[in-house]
Amino acid sequence: MGVRMGLFVKSQTFGALALAAVLTATVSRADTLDQVLSRGVLVCGVNIGLAGFGLPDDRGFWRGFDVDYCRAVAAAIFDDPQKVRFTPLSGKDRFTALQSGEIDLLSRNTTWTQSREAAQGLLFTGINYYDGQSFMVRKARKLQSPRDLKGASICVQQGTTTELNLADYFHKAGISAETVVFSGGDEALKAYESGRCDAYTTDGSALYAQRLKLAAPDDHEVLAETISKEPFSPVVRQGDDRWFNLVKWTQFALLDAEELGVTAANADALRQSDNPEIRRLLGADNDFGAGLGLSRDWVVRIVKAVGNYGEIFSRNLGDGSPLKIPRGLNAQWRDGGLHYAPPVR
């Protein structure tokens, strides 16, 4: 009995030590901020090439809405928005790269869904772009709604939620239409341009980008009506609360800065503001960066580097860009949009 008890105790002790070792290794591996600081650069997964969101220019310099989110995180950590290594990823490879630790952060027009978060060990840090599936059509047809596409042929990418949304929409609307599927988005676009299809459907933001590839982009328009909800969000791995909070509050800081009128040009000067909300946001009176593992001026670093949310949107997607996408749902709550961030306090 004594021997058996001794073996049992040793077994339990070994099991506890093994479990502790596993937990220690997990915690060590999970501390993404420490890894980023040690490496000296943030590794960020972005789109292979989507105008407005993530695309290298002629000099190989990455630009875009999602790219600027990566630079905002780098600025918060290093006070240097250029300390980012961009890893272009396809829709198929993006989650594997994050799960494996190949990248620290995924910032790539990715829709937040229950299955992606609950079943794949991921956490979406918060909606930074409200999108929805829409349709591109020829202006000459003077169409007002997807319902006007009754009997039309519609190009769509195969094996996507876009294809499923299309079938659901026409089924509920009682409309019959011909769906023409293609393996890739560029193939679908070429078929639409050649006249094979009367319309091309995918996420509205992607349609604005794809329209620029057409020989006569001004002959085409994106219908305002959408048939699905596509909330885009940056993504991190589960199991690292500090990193999750850092990325999440970087996003909130960009929205709060816009609401309070803090811009890239005035961020430094507004640290002397009489407005207590602005002073808290910019770390003039309090050190809210400490809880994130950041300096007290972390928001100043972010906004000086990339601007506030509105500046990022305008530069890459809105009036200051070739895409000219309306703010719409992506406007601040006070302007009729959906964006609203908790305060830094």
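The bounds of the domains named here come from an automatic or database domain assignment. The model itself is predicted. In the chain, that assignment gives domain 1, made of residues 32-128 and 233-334, and domain 2, residues 132-230. Domain 1 is thus listed as two stretches of sequence, with domain 2 numbered between them. Taken over C-alpha atoms, the centres of domain 1 and domain 2 are 30 Å apart.

The next point is how the two domains meet. On the side of domain 1, 9 residues are in contact with domain 2, and on the side of domain 2, 6 residues take part. The size of an interface is often given as the accessible area lost when the parts come together. For domain 1 and domain 2 that buried area is about 690 Å², and 70% of it lies on carbon and sulfur atoms. The residues of domain 1 that touch domain 2 divide into 7 nonpolar, 1 polar and 1 charged. Which polar links cross this interface? The rule finds 0 salt bridges between domain 1 and domain 2, and the count of residue pairs in polar contact, with both residues at pLDDT 80 or more, is 1.

Within the numbering of domain 2 lies helix α8, residues 204-211. Is this helix enclosed or open? Of its 8 residues, 8 are buried, so α8 is largely enclosed by the rest of the structure. The cut-off behind this is a relative accessible area under 20%. The buried residues are G204, S205, A206, L207, Y208, A209, Q210 and R211, and this list takes in the charged residue R211. An α-helix has 3.6 residues a turn, so residues three or four places apart point the same way. In α8, burial is not confined to one such set of positions, because 8 of the 8 residues are buried. The cover over these residues includes the helix α7 (185-194) and the strands β7 (129-131), β8 (133-138), β11 (199-203), β12 (220-222) and β13 (230-232).

Two residues remain to be pointed out for their backbone. D79 has a phi near 60°, a positive value in a residue other than glycine. D79 sits in the loop between α3 (65-78) and β4 (84-89). At 47% relative accessibility, D79 counts as partly exposed. K324 also has a positive phi without being glycine, with a value near 55°. The place of K324 is the segment after α12 (309-316). K324 likewise counts as partly exposed, at 47% relative accessibility.

Terms used
Residues are numbered from 1 along each chain as its sequence is written. This is a predicted model: local features need pLDDT of at least 70, side-chain atom pairs count only at pLDDT 80 or more; totals for chains, interfaces and linings use all residues. Side-chain values use heavy atoms; hydrogens and water are left out. Contact means heavy atoms within 4.5 Å. Buried area is the accessible area (1.4 Å probe) that two parts lose on being put together, summed over both. A salt bridge is a side-chain nitrogen of Lys or Arg within 4 Å of a carboxyl oxygen of Asp or Glu. A polar contact is a pair of N or O atoms within 3.5 Å; within protein, one must be able to donate a hydrogen and the other to accept it, and residues adjacent in sequence count only if both atoms are side-chain atoms. Helices (H or I, at least four residues) and strands (E, at least two) are DSSP runs, numbered from the N terminus. Buried means under 20% relative accessible area, exposed over 50%, partly exposed in between (1.4 Å probe, protein chains only).
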